[in-house]
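Take a look at the chain below. Keep the sequence beside the 3D view as you read.

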Amino acid sequence: MLNSYVERSQWGPFFDRLTRGHGAVPGQATARLTVIRPEAGAYPSDEAGERANDADLAHDGVWLPFNGVRWDEEAGAITVALEGLEHRIRSPLVVWAHVNMGGAVRSLNILGGPGCRDEVTFRMADLLRPGAA
């Protein structure tokens, strides 16, 4: 697997291609979201960026239909949309894509402040090629 640094200037086009990579049919691919914060470990996050409530904890480690990722430059945030869950990452610093030898994205790592990381992992059968579509 190759680690590919995504330049900040390319976040919008990269996420657009990644989202379209599964045929632009929401929910066709599946993914899971893991949120890691130094003060609490790994957990899913609510919209306020605080520790998730008990209902949100049910999403931790669960494969959900993938609806897309988008970069809102004006708001300075990346939004990851899974079925029933929209997670906003404010002030991201770095994006890494883990790409297999066939060019399909296996996972995304989005780094924020010290020790903060959001990871989107795609199910192997549903790998997305960001240049496809």
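This report goes from the overall fold to the core, one helix, an aromatic pair and the salt bridges.

## The overall picture

This is a predicted model. The chain contains 2 helices and 9 strands. Their order along the sequence is β-α-β-β-α-β-β-β-β-β-β.

The chain has 133 residues, and 44% of them are buried. Its exposed surface comes to about 6,800 Å². Carbon and sulfur atoms supply 51% of that surface. Now take the contacts with a separation of 6 or more: 55% of them join residues 24 or more positions apart.

## The nonpolar core

Which residues touch the most other members of the largest nonpolar core? They are Phe14, Phe15, Ile78, Leu82, Leu108 and Phe122. The core has 26 residues in total. Helix α1 (11-20) gives two or more residues to this core, and so do the strands β2 (29-37), β4, β5 (77-82), β6, β7 (94-99), β8 (105-111) and β9 (117-122).

Pick out Ile78 in the 3D view. Neighbours within four places in sequence are left aside here. Ile78 still contacts Trp11, Phe15, Val69, Arg70, Trp71, His87, Arg88, Ile89, Pro92, Val95 and Ile110.

## One side of helix α1

Helix α1 has these buried residues: Trp11, Gly12, Phe14, Phe15, Leu18 and Thr19. They lie on the same side of α1, because they cover an arc of only 165° around the axis. A general rule helps here. An α-helix has 3.6 residues a turn, so residues three or four places apart point the same way.

What covers the buried residues of α1? The cover includes β1 (2-6), β4, β5, β7, β8 and β9.

## An aromatic pair

The whole structure holds 4 aromatic pairs. One of them joins Trp11 and Trp71. Their ring centres are 4.8 Å apart and their planes meet at 85°, so the pair is edge-to-face. Trp11 sits in helix α1 and Trp71 in strand β4. The two are 60 residues apart, so this pair links distant parts of the chain.

Are these two residues buried or exposed? Trp11 is buried, at 1% relative accessibility. Trp71 is buried too, with a relative accessible area of 15%. Both values are under 20%, the cut-off for buried.

## Three salt bridges

The structure has 3 salt bridges. In one, Arg70 pairs with Glu86, and the closest N and O atoms are 3.8 Å apart. This pair links distant parts of the chain: Arg70 is in strand β4 (residues 64-72), Glu86 is in strand β6 (residues 85-90), and 16 residues separate them in sequence. Arg70 is partly exposed, with a relative accessible area of 43%. Glu86 is partly exposed as well, at 44%.

Asp72 and Arg88 form another salt bridge, with 3.7 Å from N to O. Asp72 belongs to strand β4 and Arg88 to strand β6, again 16 residues apart. Asp72 has a relative accessible area of 31%, which means it is partly exposed. Arg88 is partly exposed at 27%. Arg88 also appears among the contacts of Ile78.

Arg117 and Glu119 make up a further salt bridge. Their closest N and O atoms are 2.6 Å apart. Arg117 is partly exposed, at 28% relative accessibility. Glu119, at 21%, is partly exposed too.

Conventions. Residues numbered from 1 in each chain as written. Predicted model: local features only at pLDDT ≥ 70, side-chain atom pairs only at ≥ 80, totals over all residues. Heavy atoms only, no water. Helix = DSSP H or I, 4+ residues; strand = E, 2+ residues; numbered from the N terminus. Buried < 20%, exposed > 50% of the residue type's maximum accessible area, 1.4 Å probe, protein only. Contact = heavy atoms within 4.5 Å. Areas by Shrake-Rupley, 256 points an atom, 1.4 Å probe, with all protein chains shown as cover. Salt bridge = Lys/Arg side-chain N within 4 Å of Asp/Glu carboxyl O. Core = buried A, V, L, I, M, F, W, Y, C linked by side-chain atoms within 4.5 Å. Arc of directions from axis to C-beta. Phe/Tyr/Trp six-rings, centres within 6.5 Å; stacked < 30°, edge-to-face > 60°.
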